[in-house]
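Work through the exercises below with the sequence and the model side by side. Try each task before you read its solution.

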Amino acid sequence: MKIICVGRNYSSHIDELKNEKPQQPVLFIKPDTALIQRNQPFFIPHFTSEIHYEVELLVRIHRLGKHIQPKFAHKYYNDIALGIDFTARAMQTALKEKGLPWEKAKAFDGSALVSDWLPKTRFEDLNHLNFSLEKNGTPVQSGNTSQMLWDIDHLIAHVSEFFTLKIGDIIFTGTPAGVGAVSPGDTLTGFIEGQQQFSVKIK
Ligand code: ZN
């Protein structure tokens, strides 16, 4: 499986990193080795001390697809989850400035946290879903999927123009404002509509 991540999908986060609003979704990929195993902590990697959290709504593909039209995209996923796109921010900024790929800063081992999956039918409207993140019990990020520049169906359509979507692939749909650094000993807890989806310890 592969993990397709969408960058710059919330205006508030684009503004906080002083990025330009993209004309098309910004995509990058994490390999399956980026997944944090169930109930494992996040280990700050040896190559950096600056790691940022980015809480994101996730979609899991359950049907093979390519050139999917937005109006049919809903047929390609049944489950959603919440996750963190862990980012070596200083390293990413340096790579961006040089016009180099971000993979080392974004796709390293353990850079993708994925909560348990929930059937999408549990929610009335996936395009108006609240999600949030707390660090050590203090709210740090909150978003609503209505704030996305491209909604889930348009993301699936766009992604599938470039990458064949296979069963089990995961899409990280982008982060709202409020990204920040973690330190050893921190705990990050994520919520969808106020219900806890994960709690991960930073080591
Ligand atoms: Zn992200």
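In these exercises Ala, Val, Leu, Ile, Met, Phe, Trp, Tyr, Cys and Pro count as nonpolar, Asp, Glu, Lys and Arg as charged, and the others, Gly among them, as polar. The model is predicted, with local features needing pLDDT of at least 70 and side-chain atom pairs counting only at pLDDT 80 or more, while totals for chains, interfaces and linings use all residues. Residues are numbered from 1 along each chain as its sequence is written, and side-chain values use heavy atoms, with hydrogens and water left out.

**Exercise 1.** Find which residues coordinate the zinc ion, and state whether E56 and D85 are buried or exposed.

*Solution.* Begin with the donors, which are N, O and S atoms within 2.8 Å of the metal (3.2 Å for Na, K and Ca); water is not among the atoms, so sites may look incomplete. E54 and E56 each offer OE and D85 offers OD, at 2.0 to 2.1 Å from the zinc ion. Next, read the spacing of these donors along the sequence, which is E-x1-E-x28-D. E56 in strand 4 and D85 in strand 5 are 29 residues apart, so that this pair links distant parts of the chain. Finally, both E56 and D85 are buried, a word that stands for under 20% relative accessible area, with exposed over 50% and partly exposed in between (1.4 Å probe, protein chains only).

**Exercise 2.** Describe the lining of the largest pocket by residue class and by element.

*Solution.* First sort the lining residues, which divide into nine nonpolar, seven polar and three charged. Of the 19 residues in this lining, R38, N39, V114, S115 and D116 lie nearest the centre of the pocket. Here a pocket is an open set of points on a 1 Å grid over the protein atoms alone, where a 1.4 Å probe fits, with protein on both sides within 12 Å along at least five of seven lines, and lining residues have an atom within 4 Å of a point. Then turn to the elements, where strand 13 gives the largest share, four residues.

**Exercise 3.** Which residues have the most contacts inside the largest nonpolar core?

*Solution.* A nonpolar core is a set of buried Ala, Val, Leu, Ile, Met, Phe, Trp, Tyr and Cys residues joined through side-chain atoms within 4.5 Å. The largest one has 44 residues, and those with the most contacts inside it are I80, I84, F86, I156, L188 and I192. Apart from this core lies another, of 10 residues, including F28 and W102.

Conventions:
Helices (H or I, at least four residues) and strands (E, at least two) are DSSP runs, numbered from the N terminus.
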